[in-house]
Amino acid sequence: LMQLPDALREKQLAFRFTGGIHAAALFNFKGEIEYVREDVGRHNAMDKLVGATNGLNQEERQKMGVLLSGRLSFELIQKIAMAGFPLVCSIGAPSSLAIKLASDAGIRVVGFLKPDRFNMYC
């Protein structure tokens, strides 16, 4: 998990040029990032990621995790739950409502993901 922030930064082409773009990524349980979508809005980046992964079946989704470049809100958890992903990692902070909703939905949450540490919430 702690290698994911650097791996995401390497794949964030728009962020490299602007410094102000959010990313949503999908990684496999080997720690390899398979999809990245960027947008000026966190929610739009997540929507793009969900759209890009429409071809994955439920079994494939259960073997993947979502990585977000910013803060984790309850609305993003709703999207992740509807898409069927069991794990979300955020480089930023999760809100308390996001943690509650994720816990209720059986989604594991990792926040403040850095190269040397992270917090696991549920």
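**Exercise 1. Work out the surroundings of Ser69.**

Start with a polar atom of the Ser69 side chain: the backbone nitrogen of Ala23 lies 2.8 Å from it. That fits a polar contact, meaning a pair of N or O atoms within 3.5 Å; within protein, one must be able to donate a hydrogen and the other to accept it, and residues adjacent in sequence count only if both atoms are side-chain atoms.

Before going on, keep in mind that this is a predicted model: local features need pLDDT of at least 70, side-chain atom pairs count only at pLDDT 80 or more, and totals for chains, interfaces and linings use all residues. Residues are numbered from 1 along each chain as its sequence is written, and side-chain values use heavy atoms, with hydrogens and water left out.

Next, place the residue: Ser69 sits in the loop between strand E3 (64-68) and H5. Helices (H or I, at least four residues) and strands (E, at least two) are DSSP runs, numbered from the N terminus.

Finally, list the neighbours. Not counting residues up to four places away in sequence, Ser69 touches Leu8, Gln12, His22, Ala23, Ile91 and Gly92, where contact means heavy atoms within 4.5 Å.

**Exercise 2. Lay out the sheet and find its edges.**

Take the order first: an open sheet of six strands runs E2-E1-E3-E4-E5-E6, with mixed pairing. Two strands pair if DSSP finds at least two bridges between them. Strand E2 (33-39) and E6 are the edge strands, each pairing on one side only. From one strand to the next, the twist averages 20 degrees.

Now go through two of the pairings. E3 and E4 pair in the parallel sense over three bridges, and Leu67 has Cys89 as its bridge partner in E4. Strand E5 (residues 108-114) and strand E6 (residues 117-120) pair in the antiparallel sense, over three bridges. Here Val110 is matched with Met120 of E6, and Lys114 with Arg117 of E6. A hairpin through two residues joins E5 to E6.

Then check the faces of strand E4 (residues 87-90). Leu87 and Cys89 point one way, Val88 and Ser90 the other, and all are buried, that is, under 20% relative accessible area (exposed is over 50%, partly exposed in between; 1.4 Å probe, protein chains only). In a regular strand the side chains alternate between the two faces of the sheet.

**Exercise 3. Describe how H3 and H5 pack.**

Begin with the geometry: helix H3 (residues 42-52) and helix H5 (residues 74-83) pack at about 5 degrees, with axes 10 Å apart. Axes are lines fitted to C-alpha atoms, for helices over the stretch in contact, and angles run from 0 to 180 degrees between N-to-C directions. So H3 is roughly parallel to H5, the label for angles under 35 degrees.

Then name the residues. H3 brings Arg42, His43, Met46, Asp47 and Val50, and H5 brings Glu75, Leu76, Lys79, Ile80 and Ala83. By class, that's five nonpolar, one polar and four charged residues.

**Exercise 4. Compare the exposure of Phe112 and Cys122.**

Start in strand E5, where Phe112 is found. Its phi is near 50 degrees, a positive value in a residue other than glycine. Phe112 counts as partly exposed because its relative accessibility is 35%.

Move on to Cys122, in the segment after E6. At 26% relative accessibility, Cys122 counts as partly exposed too. Leaving aside neighbours within four places in sequence, Cys122 is in contact with Ile99, Ala102, Ser103, Ile107, Arg108 and Val109.

How values were computed
Angles under 35 degrees count as roughly parallel, over 145 as roughly antiparallel, 65 to 115 as roughly perpendicular and the rest as oblique. Ala, Val, Leu, Ile, Met, Phe, Trp, Tyr, Cys and Pro count as nonpolar, Asp, Glu, Lys and Arg as charged, and the others, Gly among them, as polar.
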